[in-house]
Amino acid sequence: PRFVVEHFAWAANGDLYTSGGYQVVKFSKDGKYISAFGKPGSAPGEFGVYGQGLAGAGIHGIVIDSNRNRLYVADRVNSRIQVFDLNGKHLDVWPNIPAPYAIRLTQDGQHLWVGDGYTQKFAKYEALTGRLVPGSTWGTTGIAPGAFWGIHYFTTDNEGTLYVGEDLAYRIQKFVPRKDGNPVQVIG
């Protein structure tokens, strides 16, 4: 099959899920194609794309919660998160999330962090309901240290240090949690 890869994630059983264009493609742990789902559009289970064909820039982040059989997909063009089971069955849509470019599930699976590519902010959502956690949103646009321009990927290390990759600022920034900071805003 023909597919585009922007991001990928592994399920606990070793299956690999890739996201890009307007499709999510599933492979077995030994690399064999299993299935694909998604088509261009804005209905549930469809994904928005810029450009033409499968290679149009659409889906970005993808995260798996194998414990709850949930797959979170950042549908950035349609400004939403879509939730599926690990077989591709559509479960939920979280609307009105401007340009989710990068997503990350907390280690306990209770929250989903979203890096917004338009407003250049991070926001924390309840993983089962899609509700925004009050006081969690932070960030600002710019190229000065501490501001963001093109949040494209983020991760944390074992000490809770946040690393943010920005495609428009051509850099990686490192953020160490402050002892006097707001704990609801700590991603790590």
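**Close-up views of a predicted model**

**View 1. Gln82, a residue at 0% relative accessibility, counts as buried.** This is a predicted model, and our first stop is Gln82, which sits in strand 7. With buried meaning under 20% relative accessible area, the 0% of Gln82 puts this residue in the buried group. Who are its neighbours? Setting aside residues within four places in sequence, Gln82 is in contact with Ala43, Pro44, Gly45, Glu46, Phe47, Leu71, Tyr72, Val73, Asp75, His90, Asp92 and Val93. Two of these names come back when we look at polar atoms. A polar atom of the Gln82 side chain lies 2.6 Å from the backbone oxygen of Glu46. The Gln82 side chain also makes a polar contact, at 3.1 Å, with the side chain of Asp75.

**View 2. Arg76 sits in the loop between strand 6 and strand 7.** Strand 6 covers 70-75 and strand 7 covers 80-84, so look for Arg76 between them. Is Arg76 buried or exposed? Its relative accessibility is 8%, so Arg76 counts as buried. Not counting residues up to four places away in sequence, Arg76 touches Ala57, Gly58, His60, Ala99, Pro100 and Tyr101. With Tyr101 there is a polar contact too: side chain to side chain, at 3.2 Å. For a sense of scale, take Gly130: Arg76 and Gly130 are 54 residues apart in sequence, and their C-alpha atoms are 16 Å apart in space.

**View 3. Strands 9, 10 and 11 form an open sheet.** The three strands come in the order 9-10-11, and the pairing is antiparallel. At the edges are strand 9 (100-105) and strand 11 (122-126), each of which pairs on one side only. On average, neighbouring strands of this sheet are turned by 25° against each other, direction ignored. Zoom in on strand 9 and strand 10 (residues 111-116), and you'll find antiparallel pairing over five bridges. One bridge to look for links Ile103 with its partner Val114 in strand 10.

**View 4. Leu168 lies in the loop between strand 13 and strand 14.** The strands on either side of this loop are 162-166 for strand 13 and 171-175 for strand 14. How exposed is Leu168? Its relative accessible area is 39%, so Leu168 is partly exposed. Leaving out neighbours within four places in sequence, Leu168 is in contact with Trp149 and Gly150. As for Gly14, Leu168 is 154 residues from it in sequence and 33 Å from it in space, C-alpha to C-alpha.

Terms used. Residues numbered from 1 in each chain as written. Predicted model: local features only at pLDDT ≥ 70, side-chain atom pairs only at ≥ 80, totals over all residues. Heavy atoms only, no water. Helix = DSSP H or I, 4+ residues; strand = E, 2+ residues; numbered from the N terminus. Buried < 20%, exposed > 50% of the residue type's maximum accessible area, 1.4 Å probe, protein only. Contact = heavy atoms within 4.5 Å. Polar contact = N/O pair within 3.5 Å; in protein donor to acceptor, adjacent residues only side chain to side chain. Pairing = 2+ DSSP bridges. Axes fitted to C-alpha atoms, helices over the stretch in contact; angles between N-to-C directions.
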